[in-house]
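Open the model in your viewer and have the selection tool ready. The stops below can be taken one after another.

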Amino acid sequence: MRLRTLRALVGRLADEPERALVHAHTLQALLPDENLGREIASLSERARKSVTANASKVTFASDVPLRSSMTPIGHRTRRQATILSASFISSGGPVDDLAPEMALAAIDPLLLQAAEIVRANGGVMLDASENGLTASFGAPRPLEDHAAFACRAALDLRKLSSTSSIRICIAIDTGNVILSTAPEPGRAEVRGGPVTRAHALNQALRRDLVIATRRAQAAADGFVTMRELPSLAIPGYPEDQRLFEVMQINRGRSRWQLRAERQLSPFVGREIQLQMLNKAWHDTYYGEGQTVMIVGDPGIGKSRMTHEFVGVIPVDEFDNLEGGALEQDLRSGFVVMRKILQGLFGISDMEAPQVASDKLLKAFGTRGLEQRLLDPMLAVMELPTREPLWATLSGTERSRRMQEATVALLMRLARTKPVVLLVEDLHWIDHESEAILTRLAQAVPAVRFLLILTCRPEYNREVFSAAQPVEIRLSGLNPNESATLIDYLIGRDAGLGNLRRKLAEVCKGNALFLEETVRNLAETDKLVGKRGHYRPAGKVGEIVVSSNIHSIIDARFERMDDDAKHVAEVASIFGDDIPLPSLRRMAALPEARFDAAIRSLRNADLLVEVQIFPDAAWRFKHALIRNAISDRILSTTLVELHKAALTELEACYADRLEENSERLARHAELAQLWQEAAGYLLNSAKRAIKRSAHESALEQLDHGIEIMRANNIAGADELEIDFQFARGVALTTARGWRSPEVVAAFERAEVLCRKTGDRARLVTAFRAHAQHHMLRGKPASVQEIASRLTDLAKSVDLLPAA
């Protein structure tokens, strides 16, 4: 039923091209179509009138330009996204019941405004009709906080219904979607569970609410206020799944303020960095202003450290100003400085313009600020100016004056009292605010002004080079600091030893990664109890990337160039160490482009070089980042990639296959080559036994047997005999000869030898079994086995008959 009313009107009004053009342009804006474009051209020519060049245009997924290599590994990728599904309901019933022209009169303006709201919040329209719309946030356009932006768009959509006879019902879900290129060139499609679930919830509820699933609520945590709804009987929706009503968007001048309401973990480490900040503060206090740049990966603790530092300075000693860029701030001018000035003057962005202007005027008088700065400050804060000539200035001149006035005002504050200005997340800052900060950084040495800036490694810090800021580079917590944080998060239960090691190894001292990973383990019932007092609920396999970490990595990754993304995706399948020659061959890029991609990944702190001789090898800085990038690749494509990697590495390690058997076993298993995987696991386990790593050997042997039996590989019985012999040897050392597991291994080998008729290895099983009983002091059992061994030898003419 998609836009059938518009299509019908275009056809019905073919003899009245002026009227038909109105509906045709609306239809083309909502759902671009090449054939319709030709029809519009024909109508325009017949009507002898040009089509308005600035007609409203809705952005759909099909409009998003997809470069030929946007999804370099196949044409589909897996992404984290939030889906918004909205239904339109007229006061008199379904929109379908309205007359066509009445429906269009009510829906057309609503759809165009809705599309602009989706676009302004970083989303993409997937579908639109007179009955509703579907939008995606986070795919194909990258957004870290996609759930929060979807909620904000949903609340803005609901406001539209207050001035319309149409009610809007909205449901939101977050999760993995499949992003794929559409059959038409340059188009993309978003499909998957969240799309289906959001639509089903919306259709089933039909309530004038914005409803979010538990997954969406968790993803928007801190940014959005929600209340849990009572249990609802919804067809096809599990009763135990919680639903929430989206109430409001939380306000804050930075991401830290929005997230700080959550329970904070203990602050650990950073002693050296705090000393550097403390020195900068003392230099500032005694008259020599400083600029400090804090650089670090997402979640490494930039905000936590700076707020801990500022928090210990006595409040009566300085003016504390702060603000931060948010993901969508790049789209607006002066937005970060506006937040800082609002905090300085005690003005909320929700206040009426007149109230805000009065507060600003009062603050100017109280602080003794120059009146010449007033109109530029009003303009920065998007309030009505007082000077009539202000509006006659060119846009460039107004921007220049606003920047100069902001710097002058902040410098004026520092003449009466030291100022600490903290600006976070420069990687998202708007151009105008950045220009103000660069000017300010060059001016602060003359006054008592401490400017603290935080950013991620990929931010271009060259714009501040003239100010020569002190740069503090944050790395992960050291092992002792990580252990302290892990203690707080999960506790010290005896059964958590292996998990503690995995968390330390995978998260590499990144506090956010540790917190999110533990939270994900608890939410997926792999840990039971409460924070700091967890117990394992079973065996924890590979650490799974949480949805929030996935979103951070996805958005950061998508901003890289296509070659870097392609190389990173190929590299992600190798596991720990990535042999550079093999990666180069599998990436199949020209040498210059491959080298440039490696440099980009290194500069973004995604890959680090770990070996240069005899062959260069690289590694992902964080295993979670590697896993998140690998998770983007569809399972069918991953199988083929691991097959290619296995072939490549077998050739690369042709003279060292046994030495690299564990790595080859991993690729064979993920390539679903079960026979090869079992063989390499057996070789790897034997190597582990030689170096006395018996527990590791047992894990590999058990896993190999599991693979053989689960996949019914040919010759499984014959191969398992070797596995059981190896298990017996490893168990003897790891558990001792008295362990019943040792007997079980050799008895199982004996059963399999009889089943396959392998009498030669049956002799070995008997000998091992007899030796076990001999060491346990059971001569009768040894004699019984010796008798069986004699009978076996006679049956195959190994001994002469009596």
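Select residues 580-587, which make up helix α21 in this predicted model. Which residues of α21 are buried? They are Leu580, Ser582, Leu583, Met586 and Ala587. Look down the helix axis: these residues lie on the same side of α21, because they cover an arc of only 160° around that axis. An α-helix has 3.6 residues a turn, so residues three or four places apart point the same way.

Now show the surroundings of α21. Its buried residues pack against two strands, β17 (578-579) and β19 (617-620). They also pack against the helices α20 (562-571), α22 (591-603) and α24 (635-652). Step past the end of α21 to Ala588, which follows the helix and has a positive phi, near 55°.

Keep Leu583 selected and add Ile490, Leu499 and Val567. These four have the most contacts inside the largest nonpolar core, which has 67 residues. Centre the view on Leu499. Leaving out residues up to four places away in sequence, Leu499 touches Ile490, Leu521, Leu527, Val540 and Ile543. Apart from this core lies another, of 55 residues. To find that second core, select Ala379, Trp428, Phe449 and Tyr459, which are among its members.

Next, go to helix α19 (residues 547-558) and pick out Ser551. Is Ser551 buried or exposed? Its relative accessibility is 4%, so Ser551 counts as buried, the cut-off being under 20%. Show what surrounds this serine: beyond its neighbours within four places in sequence, Ser551 is in contact with Gln80, Leu143, Glu144 and His146.

For a stop on the surface, select Ile272, Met276 and Val470. Together they form a nonpolar patch with about 250 Å² of accessible area. Met276 is found in helix α9 (residues 271-285). With a relative accessible area of 35%, Met276 is partly exposed.

Finally, zoom out to the whole chain. How many helices and strands does the chain have? There are 31 helices and 19 strands. The chain has 802 residues, and 52% of them count as buried. Among contacts with a separation of 6 or more, 70% join residues 24 or more positions apart. Switch on the surface to end the tour: the chain exposes about 36,500 Å², and carbon and sulfur atoms supply 50% of that area.

Notes. Residues numbered from 1 in each chain as written. Predicted model: local features only at pLDDT ≥ 70, side-chain atom pairs only at ≥ 80, totals over all residues. Heavy atoms only, no water. Buried < 20%, exposed > 50% of the residue type's maximum accessible area, 1.4 Å probe, protein only. Helix = DSSP H or I, 4+ residues; strand = E, 2+ residues; numbered from the N terminus. Arc of directions from axis to C-beta. Contact = heavy atoms within 4.5 Å. Patch = residues over 30% accessible without salt bridge, like charges linked within 9 Å, V, L, I, M, F, W, Y side chains within 5 Å. Areas by Shrake-Rupley, 256 points an atom, 1.4 Å probe, with all protein chains shown as cover. Salt bridge = Lys/Arg side-chain N within 4 Å of Asp/Glu carboxyl O. Core = buried A, V, L, I, M, F, W, Y, C linked by side-chain atoms within 4.5 Å.
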